[in-house]
Amino acid sequence: MIDVSACNGREPLSIAIDVPGGYVALPLTDIAGSVSRAESVFAEIGPGPVSSAAPAVLQALKVLLTRATQLNAVYCGLGRHSAADGQTISSTLIVSVHEYGERKNPRLALADVLTARTSDGGTFENIEMIQVSGRPILLLDRVRELPAPDFPDRTSESAVAKVYQLEAVVSATDGTAIAAVECSTSSVEYGEEFVPMIAAMAASVEFVTSAASSRAPSSLDL
């Protein structure tokens, strides 16, 4: 279990969460510096397929991380996993934390989240309220078409790429804060295999400290 926190300008809002194996944490501070140092490493490698792809990959990563910090992300990671059929697939993982108003039943807090997710035009293929060890968790998933990264070795001519996106939201016991665990993968056909893992991550969340109230959008828009 790791402890992570987001700062709202006064005091941090902290949680503890179990991050499964297979994920490598990405920096959420000094993003520009980290990307610049990575670019220098690739430059030293010299010409080749890896070095030629590096600028586009690193720029996409910079955009992802910058957007994640704007959404109160406390953790961002890249993962590689083995699917049930042995296929190697990759995913991105973002954990964000937000204060969520006055004290209320956690189920009411999650109902508010669902209203916010759908009232702004968001559409989802599946919406489900589940319980893990007696704790309510809101699950939402969908397949979106997003601009395809302009990588040098891209084989598809399409300007868009399909991405499976899954979000699990859990509330603090007093309903005043929420944590969202969000997973995206371009391996759309394997997307639902992530559901048990992401639900377990959400169930593992422990709210350590709280801060001032703020409502934030879903980073499923990344």
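This is a short tutorial dialogue on reading the features of a predicted model.

Q: Where should I start, and how many helices and strands does the chain have?
A: Begin with the inventory, then take the order. This predicted model has four helices and ten strands. Read from the N terminus, the elements follow the pattern β-β-β-α-α-β-β-α-β-β-β-β-α-β.

Q: What share of the residues counts as buried, and what does the surface consist of?
A: Burial and surface go well together as a next look. Of the 222 residues, 44% count as buried. The accessible surface is about 11300 Å², and carbon and sulfur atoms hold 53% of that area.

Q: What percentage of the contacts joins residues 24 or more positions apart?
A: Here one looks at how far along the chain the partners lie. Taking the contacts with a separation of 6 or more, 64% are between residues 24 or more positions apart.

Q: Which residues have the most contacts inside the largest nonpolar core?
A: They are Ile15, Leu93 and Ile198, in a core of 28 residues. At least two residues of this core come from each of strands E2 (12-17), E4 (73-82), E5, E7 (135-147), E8 (160-171) and E9 (177-185), and from helix H4 (195-203). Another core, of twelve residues, lies apart from it; Leu26, Ile31, Leu64 and Ala68 are among its members.

Q: Could we follow a single residue? Where does threonine 92 lie, and what is it in contact with?
A: A single residue is best read from its element outwards. Threonine 92 belongs to strand E5, residues 88-99. Beyond its neighbours within four places in sequence, threonine 92 contacts Leu64, Gly77, Leu78, Glu182, Cys183 and Ser184. Its C-alpha atom is 9.6 Å from that of glutamine 165, a residue 73 positions away along the chain.

Q: Why does threonine 92 count as partly exposed?
A: The cut-off decides. Buried means under 20% relative accessible area, and threonine 92 is partly exposed because its value is 21%.

Q: Which residues other than glycine have a positive phi, for instance in the loop before helix H1 or the one before E7?
A: Backbone angles are read together with their place in the chain. Aspartate 30 is one of them, with a phi of about 50°; aspartate 30 sits in the loop between strand E3 (23-25) and helix H1 (31-45). Serine 133 has a phi near 55° and is in the loop joining strand E6 (126-132) to E7.

Q: Are those two residues exposed or partly exposed?
A: Aspartate 30 is partly exposed, at 47% relative accessibility, whereas serine 133 is exposed, with a relative accessible area of 79%.

Conventions
Residues numbered from 1 in each chain as written. Predicted model: local features only at pLDDT ≥ 70, side-chain atom pairs only at ≥ 80, totals over all residues. Heavy atoms only, no water. Buried < 20%, exposed > 50% of the residue type's maximum accessible area, 1.4 Å probe, protein only. Contact = heavy atoms within 4.5 Å. Areas by Shrake-Rupley, 256 points an atom, 1.4 Å probe, with all protein chains shown as cover. Core = buried A, V, L, I, M, F, W, Y, C linked by side-chain atoms within 4.5 Å.
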